[in-house]
Amino acid sequence: EAIDETKEEKRPEMCKHWQRLGRCHFEENCRFQHPIDHIPVYKREKRTQNGKRSRLKVRNESKAMVFRHWLIDTFGDDYIRSGSGIIDVAGGKSELAYQFQNLNNIEATVIDPRPLVLESCRRKMEKGFYQKNDSFQKYNTHPAKDLRNPQHFRIFFETPVWNDDSIEDREEFLDAAYNRSLQVSWGNKGFSARDADEVDEDTSAWPRWDHIHSTLTNCSLIVGLHPDQATEYIVDFALYHRKPFAVIPCCTYSDEFPKRKHNGKPVKRWEDLIDYLVAKDPQHIRIAELNFEGKNKVVYWDPS
């Protein structure tokens, strides 16, 4: 009797995103399995360490890309490209701005007192991370032949930067703001003062006042992906200048902003912060939920 030597076709493995989260950004274009009866990892019992429940770490790998896709769907590629382009506040890792700069040919500016971290962005671009799935292609509208870094203003984004009515000497204020940025470092608990012998001396991201003011007032859109202390300043700037904005709040830093109140109560929880921001213009500010793990609600406003 002849032996059937045909082998059963190997089934694709389970999608790692579906396995962890129960959802996948690639959706039907994913080449891996999405079994409907699978229980995501993050819904299972969390591991314990020393008898205590440990927190599952949030993966940041695709957050900037998901946010960029949503921004293009919501505001339009051509609109974001207008004026001086997009402002990314507290985007120290610069991935969102780097993607807009090199995948959409949209001028992007990062406002952050920290140095930009570009190595990971370059590696992903060179390895084709943003082009590896067909579902990404419609969002890569103008891929760059030569990679460019986004513009960087190395300052804290605070009210005097964009509403300078109370400033007597703008250049003196700006020099002080720049020097302040060199004297801080970023850790798990936010900004802290550097030791005297560790003060950063990099002054490469120190444009003058007229250029900063022109970039801000002519931007098409201002955004923040988990911008921490700068969250409310982004919303206030946008409402003051009638600019579209989109911000994904994360930590509340309630100790640093004790005057924040919503319905007469201090703003301490993430949910309170969302409600507090929406209350600044409840008729027009909206909320959307993005498809990634962790703090994924975007508060946005489009005056048009």
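Over which residues does pLDDT stay under 50 while the model has 15 contacts beyond four places in sequence? Select residues 42-49 to find that stretch. This is a predicted model, and a good first step is to colour it by confidence. The chain averages a pLDDT of 83, and 81% of the residues score at least 70. Now add residues 52-58 to your selection: here too the pLDDT is below 50, with 14 contacts in the model beyond near neighbours in sequence. Where pLDDT is low, the predicted coordinates should not be read in detail.

**Stop one: a pair of helices**

Next, select helix 2 (residues 63-75) together with helix 4 (residues 95-103). Their axes come within 9 Å and cross at roughly 55 degrees. An angle like this falls outside the parallel, antiparallel and perpendicular ranges, so helix 2 and helix 4 are oblique to each other. The crossing is right-handed. Show the side chains to see who meets whom: helix 2 brings Ala64, Met65, Phe67, Arg68, Leu71 and Ile72, while helix 4 brings Glu95, Leu96, Gln99, Phe100 and Leu103.

**Stop two: the largest nonpolar core**

In soluble globular proteins, nonpolar side chains tend to be buried together. Try selecting Phe157, Leu216, Ile222 and Phe245; of the 37 residues in the largest nonpolar core, these touch the most other members. Among the elements that give two or more residues to this core are strand 3 (86-89), helix 7 (170-182), helix 8 (209-217), helix 9 (231-241) and strand 9 (245-248).

Centre the view on Ile222. Leaving aside neighbours within four places in sequence, Ile222 is in contact with Ile87, Val89, Phe157, Ile234, Phe237, Ala238, Pro244, Phe245 and Ala246. Apart from this core lies another, of 26 residues, among them Ala64, Val66, Ile72 and Phe100.

**Stop three: helix 10**

Which helix gives the most to the largest core? Select helix 10 (270-278), which contributes six residues. Helix 10 is mostly covered, with seven of its nine residues buried. Those seven are Trp270, Asp272, Leu273, Ile274, Tyr276, Leu277 and Val278. Display helix 9, strand 10 (261-262), strand 11 (265-266), strand 12 (286-289) and strand 13 as well, and you will have the elements that the buried residues of helix 10 pack against.

**Last stop: aspartate 228**

Finally, pick Asp228, in the loop between strand 8 (221-225) and helix 9. Is Asp228 buried or exposed? Its relative accessible area is 13%, and since buried means under 20%, Asp228 counts as buried. Then add Tyr253: Asp228 and Tyr253 are 25 residues apart in sequence, and their C-alpha atoms are 7.5 Å apart in space.

Terms used:
Residues are numbered from 1 along each chain as its sequence is written. This is a predicted model: local features need pLDDT of at least 70, side-chain atom pairs count only at pLDDT 80 or more; totals for chains, interfaces and linings use all residues. Side-chain values use heavy atoms; hydrogens and water are left out. A nonpolar core is a set of buried Ala, Val, Leu, Ile, Met, Phe, Trp, Tyr and Cys residues joined through side-chain atoms within 4.5 Å. Buried means under 20% relative accessible area, exposed over 50%, partly exposed in between (1.4 Å probe, protein chains only). Helices (H or I, at least four residues) and strands (E, at least two) are DSSP runs, numbered from the N terminus. Contact means heavy atoms within 4.5 Å. pLDDT is the predictor's confidence in each residue, from 0 to 100. Axes are lines fitted to C-alpha atoms, for helices over the stretch in contact, and angles run from 0 to 180 degrees between N-to-C directions. Angles under 35 degrees count as roughly parallel, over 145 as roughly antiparallel, 65 to 115 as roughly perpendicular and the rest as oblique. A crossing is left-handed if the near helix is turned anticlockwise from the far one by less than a right angle, and right-handed if clockwise.
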